[in-house]
Structure formats: C-alpha cells, structure tokens
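Thanks for coming. I have one model to go through today, and I will take it piece by piece.

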Amino acid sequence: MRSITAVDVTQKPSAASRVRDEPSVHDSFTEQRFQSITGPLDNHLLAALPEPDFARLAPHLEQVLMPLGEVLYEPGGRLQHVYFPTTAIISLHYTCENGASAEIAGVGNEGMLGVSLFMGGDTTPSGAVVQTAGHGYRLASQRLVEEFNRGGPMLRLLLRYSQALLTQVAQTGACNRHHSVAQQLCRWLLLTLDRLPTNDLVMTQELIASMLGVRRESVTEAAGTLKDDGVISYRRGHITVLSREGLQTHVCECYAVVKAEFDRLLGDVLYQ
Ligand SMILES: [Zn+2]
C-alpha cells in the first residue's frame, strides 16, 4: 500500500475558533454536558483499539470542548487535527453558492471527523460544525497518519468506519430527494438520539431546517404533527423525544439502512 504522508497541515486562519452566530444555548443542559466527565474510551473507535495501540495514541489525545456552532473545518481547509467526539455531535455540511446548506452526515461518539486525511484527499469541499455541544478528543493529523500507515488495527477500523460513513452520506442524499420532511426529521432525530445519553436535544427548528436543507416552515409543520401525535415536545431551543417508537413509526427506511450498515461494519465496535 502506498504510504500516505501529511503534507502542509496549516488550517485556514479563520477555521479554528470561529463560532457561528447561533442562538445562545448556554443553559443548564448544555452546562451539564460540558461538565460531565468523559474519557477517550467514550468514543467507540478509540475504545475498540487494542490496548497497545490505544496506549501509543493516548498521550497525544487532547480533550476539547465543542460549543454549539463551532466551525472545526472550513471547506477546502487543511486538516490540522482529527476529532473523536465523545458527547458532542458534529455535522458535515455543504453550503451552496447561494448560501443554502444541507447536512451530508453526522459524526458522534461512533466515529471520527477527518477521514479525508487518510483517504489521501487531504481536504473536502464540505465543512464541519458542532451540531450538539459537548466534548471530544483531538489528535494531530500527523499522528493519525503515522498510526494509519502502521497498517494495524487503526487502519482496519478507520476503513470500516469510512464505508459506514459513505452509506450515511449516500442515504442522506436519497432521503433528501425522495422522502417527506417529516420522515427526514424523524431520521435525523433517531440518528442524533443514538449518539446521546439523553432524549433532550438542544436544537432549534431553524437549525434543523438548515441541516435538512428545507424551509423552516416545513420543519415547523412536521414537528407540529409529531407533537400532536405525542412523539416529541418542544420549547424554544429544546426538543424532547417522548416516544422513540413513535419516531420509528413515522420514519422512512433510511434510518434502518444506515443503522444496519453501521451494525454490520462496526457492530463489534459499537456494542463491546
Ligand atoms: Zn428517508
């Protein structure tokens, strides 16, 4: 296999710490998530590494706070770090020239942000922003590439994760084109719930509309139907899932397709 080396890992100057202009969510729920103690093993990929491999990486893993709206990667930017979320969720998205945007995939405690680094492409046209505030661990890109080039468990793990991520990306595209906003909303809520230890999401309908790439009014209508059916409740900046079964009743097949592929490829990782 050709050896991959990290070339210039200089990020665009604006990428590291800019926070999007989002509604303030520094409420008690967010504070709890920030204060909750997590370790790197709360990320399933890191937890799946054999002990010697994890021990080699552990001194280089740096815990980072991820506030809602923080931009981790700008489109086309070089990757200085890869991220292993523990309680945070990151949204990969593409923003069109006209300003419209849509989520391509989400990355939570099941995965890693930065696959383009070891795939050899180095950058992507999509950006990455924190969708749910929390913690994660970051690793210098060079370290990740070195570990990948060892050809050991990390390589096999990351390739399997990449295949599962590709399924999520492809299914999101099909879902956005062919399924109703209500179905898309249920898919998105279920995938988000799977990455959280709670059924309470700090999230505005405006942000969801931006992630699904639809009008806010369409999300309001879909959320209203789910609320009337007793599936969710919401107040400003929060959505609480009251019935997971209700979401599964309303959702299209896309959630199950993505989940089945993650289970097939990473089942031994996710449930060990
Ligand atoms: Zn769908």
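Over residues 1-26 pLDDT, the predictor's confidence in each residue on a scale from 0 to 100, stays under 50. For that stretch the model has 48 contacts beyond four places in sequence, a contact being two residues whose C-beta atoms, placed from the backbone, lie within 7 Å. Where pLDDT is low, the predicted coordinates should not be read in detail.

This is a predicted model, so local features are described only at pLDDT of at least 70 and side-chain atom pairs only at 80 or more, while totals for chains, interfaces and linings use all residues. Residue numbers start from 1 along each chain as its sequence is written.

For the protein, mean pLDDT is 86, and 85% of the residues reach 70 or more. The protein has 11 helices and 10 strands; these are DSSP runs, H or I of at least four residues for helices and E of at least two for strands, numbered from the N terminus. Of the 272 residues, 41% are buried. Buried means that 20 or more other C-beta atoms lie within 10 Å of the residue's own; exposed means 12 or fewer, and partly exposed is in between, with C-beta atoms placed from the backbone. Among contacts between residues at least 6 apart in sequence, 78% join residues at least 24 apart.

Now helix 8. How many of the 8 residues of helix 8 are buried? In helix 8, residues 205-212, 6 of the 8 are buried, so the helix is largely enclosed by the rest of the structure. The buried ones are Gln 205, Leu 207, Ile 208, Ser 210, Met 211 and Leu 212. Their cover includes strand 4 (89-95), strand 5 (101-107), helix 6 (153-178), helix 7 (181-193) and helix 9 (216-228). Just after helix 8, Gly 213 has a positive phi of about 75°.

Two residues from those covering elements. Leu 92 lies in strand 4 and counts as buried because 23 other C-beta atoms are within 10 Å. Leaving out residues up to four places away in sequence, Leu 92 touches Glu 103, Ile 104, Ala 105, Val 107, Ser 126 and Ala 128. Leu 92 and Ile 104 are 12 residues apart in sequence, and their C-alpha atoms are 5.4 Å apart.

Thr 225 sits in helix 9. Why is Thr 225 counted as partly exposed? Because Thr 225 has 14 C-beta neighbours inside 10 Å. Its C-alpha atom is 8.2 Å from that of Ala 182, 43 residues away along the chain.

Next, a sheet. An open sheet of 3 strands has the order 1-7-3 with antiparallel pairing, where strands pair if DSSP finds at least two bridges between them. Strand 1 (62-66) and strand 3 (81-85) are the edge strands, each pairing on one side only. The twist averages 40° from one strand to the next; axes are lines fitted to C-alpha atoms, for helices over the stretch in contact, and angles run from 0 to 180 degrees between N-to-C directions. Strand 3 and strand 7 (residues 134-140) run antiparallel and are joined by 5 bridges, and Val 82 stands opposite Leu 139 in strand 7.

Helix 5 (residues 141-149) lies across strand 3 and strand 7, at about 70° to strand 7. Which residues of helix 5 are buried? They are Ser 141, Leu 144, Glu 147 and Phe 148. These cover an arc of only 130° around the axis, which puts them on the same side of helix 5; the arc is that of the directions from the helix axis to the C-beta atoms. An α-helix has 3.6 residues a turn, so residues three or four places apart point the same way. The buried residues of helix 5 pack against helix 3 (51-57), strand 3, helix 4 (115-119), strand 7 and helix 6. Gly 151, just after helix 5, takes a positive phi of about 75°.

Last, strand 10, residues 238-241. Strand 9 (residues 232-235) pairs with strand 10 in the antiparallel sense over 4 bridges. The two form a hairpin with 2 residues between them, and Gly 237 in the turn has a positive phi of about 80°. Strand 8 (residues 200-202) is also antiparallel to strand 10, joined by 3 bridges. His 238 stands opposite Arg 235 and also opposite Val 202.

In strand 10 the side chains alternate: Ile 239 and Val 241 point to one face and are buried, whereas His 238 and Thr 240 point to the other and are not.
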